[in-house]
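Here is a set of short exercises to work through with the model open beside you. Try each task before reading its solution.

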Amino acid sequence: MMKKTLLVTISLGFLLVCTLANATAVTTGYREPVDAITAIVDAAPTPGASLSPDGTTLLRLQYPALPSLADLAAPEHRLAGVRLNPANNGPSQPRYIAGVTLIDIASGQRRDIKGLPATLKVIAAEWSANSRYIAVVQLDDNQSSLWRIDTKNATAKRWGKLQPNAVQGARLEWAASNDAVYLLAVAAKHPAAPLATIVPAGPVVTEARNRTAPARTYQDLLQNQHDEALFGHYFSSQLLKITLNNKVTNIGQPALIRSFSLSPDNQHILVNQIEPPFSYAVPIFRFANSTEVWNLRGEVNYSVAKQPVADNLPISFDAVVTGPRSVSWRNDAPATLHWAQAADAGDPANQAEVRDQLWQLAAPFSAEPVKLLDMAFRFRNLLAANASTALVYEGWWQDRQEKVWLISPDGSAEPKLLWQRSTEDRYADPGQPLMTTAANGQRLLRLEQGQLLLIAEGASEQGNRPFIDKYDLATGDNERLWRSEAPYYEYPITLLASGKLLTQREAPTEPADFYLRDLQTDELTALTDTPHPMPHTLGISRELINYQRGDGVPMSANLILPAGYDAKRDGPLPTIIWAYPREFRNAAAAGQVADSPYRFNRISYWTPQFLATQGYAVLDNATMPIVGEGETLPNDNFIAQLVLNAKAAIAAGVSRGVTDAGRVAIGGHSYGAFMTANLLAHTNLFQAGIARSGAYNRSLTPFGFQREQRTLWDDPALYLAMSPFFHADKLKTPLLLIHGTDDNNSGTFPMQSERLYQAVKGHGGTTRLVMLPLESHGYRARESVLHMLWETQSWLDEFVKNAVPPAAP
């Protein structure tokens, strides 16, 4: 299905249809908020960086400001859950890199790269193992192209005349010899795209016969034979190799390749490809597929797995397919595969002591696979250092449990459980191990004299304080090498060969920059110097506050206050609370602090922080824990816990003298919008609500929603109670609904907002519906975002800030 290409004139003459509370359709141009808010939207995005494999060079990445509506109106196909641009064989509306700079870590010297396209739109940048080159994929309006950056002389040039096929994102990998790249490209003799016939060939028929096949509410699925033809056309790729001197070698024939991976010895290629027939019921990641090992000519040496279409999996988050999955190379070995396979038929409802098994098989793949580990949970990951040392992660979502094993892939030692923990317990998170890049480009577990290096966010009651530890695999002893200290938030990226720590550091008034920290002297050396992107907001304060709800569960929020505000002098303010409910299986974990008071105070336009420029207090990211312990599941008491959360947040603002309890609004995006509508339907705590891109009728998501694993037929009363649509007669508090007309998120169909608007209007409520053309689940066009902010401020000014209090009885 192809979205119509629109010719967009960016002016007040371009009309946006908004439906008002009196059910009259009115026209209005795109509106802009005041300059102070517009400047927040137009502020430069925070730069990123990519470290070279040898740790000597930083590639600094600049990102562009918001695109225009004209950018969003580019051609688009929506096929099997993927949105792609047929003009350049790239993803639709990608976030791309608009500028790159090389920084020498030892000297701090910066070098601009010459020869890159004038308008840079890079969607992938991959270092060669020797750090000499960076392969990048550039997207132009009508083509994609491969480029090569030479870091020695800081120059770039187009690499061959081929066109990468990036409809699923760029797929490329450097050869271990550093003299070539393997990638998926559009075949040189690719035919023209199939045209739709005016007269349908016949009806679209799907059928089910005594086969259980539940599915969540996926969008952008294939709909007819023409969609199938388009899918086959755009997802067909030629796997090829291109050398530094532009010699191109095709590997096999064009095929529907989803992914590929070179064996560490570069003698084999692991290929996963889609197999017809295609499904109209599930997206591409559940299509029938095969996983094979090819030689360098594209001939099949070994068939690892053939999976049928996975449209019949249970909706449980721990459900998996029955055959080999998560197939990958063991990065420390020349050519050894490993994979997981369910031992419980893939169904969490089946009772089993062993859920998953981990297997491996070495080239030439003629022997029987060797079992590495029996697991009580589902396999998550394998990180190998060498033949005798690897970590295996397994987890069980239902109980939020994780186990980490130390295994010897060569069988020289019995598996050893290193730790088991609740993934909800952020305070006890030991961190993620550092990796290192081998000479052949493989990412290996970094091991130093039998010790791991672990980096973590360092969550604590004082907020996040990132750290780096040494963990002894033999004894389990932990040594803290360094931890971030107030008044900064500093995150360790890696420990360099020099013994210095590469970090990214920020403070409330200082944007994030990259630093070298000498762990012996604690001396800091700045590698970047980012100017404050929005200096007009410097006086706005941000404080991480902690409070409790009525049943004792700890909560927190970021309190944002206007510049120069003094509670004693200026009195309480109109306040908006912005939140997103999260489920927990443990009340103690639900109350853990999940932020830092020392992060850079970048005033957001996506959440209502921007309203601090207009005299509002903002409780942003207010925690909304929904707790279910033991036999009780979180959603069993969803509404009651929402009300407890809301009362606690309001009380926290009032107790500090910053919140006027008679002038409070609630808002959220997606599941936060669902929360907002429920709170307005079931309480009188608020004077207005802002609900963006939400789902309000859970009968339209009957096979589960968010983290709910029960179906509508399992518990119809739950679905009814949690759906604000069925309580629309109680929605009398003014509610602003905003939604993208092209929302592709599972469950949040645009009609969810349209139907709730109609229901509230039908019962005499006060509501406004704003449908943003061309926008998906998140809004990207500058015009759309500015209009969203204008709508938000206008609604809150009318019903909250300038609300007339009710007359005394």
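## Exercise 1: Two cis peptide bonds

P277 sits in the loop that links β20 (269–274) to β21 (289–294). Helices (H or I, at least four residues) and strands (E, at least two) are DSSP runs, numbered from the N terminus. A note before going on: this is a predicted model, in which local features need pLDDT of at least 70 and side-chain atom pairs count only at pLDDT 80 or more, while totals for chains, interfaces and linings use all residues. Residues are numbered from 1 along each chain as its sequence is written, and side-chain values use heavy atoms, with hydrogens and water left out.

**Task.** Find the peptide bond from P276 to P277 and the one from A363 to P364, and say whether each is cis or trans.

**Solution.**
- Step 1. Going from P276 to P277, omega is near 5°, and the bond is cis.
- Step 2. Going from A363 to P364, omega is near 15°, and this bond is cis too.
- Step 3. Now place P364: this residue belongs to the loop between β25 and β26.
- Step 4. For background, most peptide bonds are trans.

## Exercise 2: The strands around that second loop

**Task.** Describe how strand β25 (residues 356–362) is covered, and which sense its pairing with β24 takes.

**Solution.**
- Step 1. Count the covered positions: five of the seven residues in β25 are buried, which leaves the strand mostly covered. Buried means under 20% relative accessible area, exposed over 50%, and partly exposed in between (1.4 Å probe, protein chains only).
- Step 2. Look at strand β24 (residues 336–342), which pairs with β25 in the antiparallel sense over seven bridges. Two strands pair if DSSP finds at least two bridges between them.
- Step 3. Pick out one bridge here: H338 has Q360 of β25 as its partner.
- Step 4. Turn to strand β26 (residues 370–375), which runs antiparallel to β25 and is joined to β25 by five bridges. Within β26, K371 is the bridge partner of W359.

## Exercise 3: Positive phi outside glycine

**Task.** Locate N89 and R400, then decide whether each is buried or exposed.

**Solution.**
- Step 1. N89 is in the loop between β7 (82–85) and β8 (90–91), and its phi is positive, about 55°, although N89 is not a glycine.
- Step 2. R400 is in the loop between β28 (389–396) and β29 (401–407). Its phi is likewise positive, near 55°, in a residue other than glycine.
- Step 3. Check the background: most residues other than glycine have a negative phi.
- Step 4. With 9% relative accessibility, N89 counts as buried. R400 counts as buried as well, at 8%.

## Exercise 4: Following contacts

**Task.** Which residues does W397 contact, leaving aside neighbours within four places in sequence? Do the same for T243 and Q168.

**Solution.**
- Step 1. W397 is another residue of the loop between β28 and β29, and is buried at a relative accessible area of 18%.
- Step 2. Its contacts (heavy atoms within 4.5 Å) are F317, D318, R380, R707 and Q709.
- Step 3. Compare a distance: R378 is 19 residues from W397 in sequence, with 8.7 Å between their C-alpha atoms.
- Step 4. T243, in strand β17 (residues 238–243), is buried with a relative accessible area of 16%. Setting aside residues up to four places away in sequence, T243 touches W159, D179 and A180.
- Step 5. Q168 lies in the loop between β14 (155–158) and β15 (172–174), where it contacts F235, I257, R258 and I284. By C-alpha atoms, T509 is 38 Å away from Q168, at a sequence separation of 341 residues.

## Exercise 5: Stepping back

**Task.** How many helices and strands does the protein have, and what share of its residues is buried?

**Solution.**
- Step 1. The protein has 10 helices and 49 strands.
- Step 2. Buried residues account for 55% of the 809.
- Step 3. Sort the contacts between residues at least 6 apart in sequence: 59% of them join residues at least 24 apart.
- Step 4. Finish with the box: along the principal axes, the C-alpha atoms fill roughly 85 × 75 × 60 Å.
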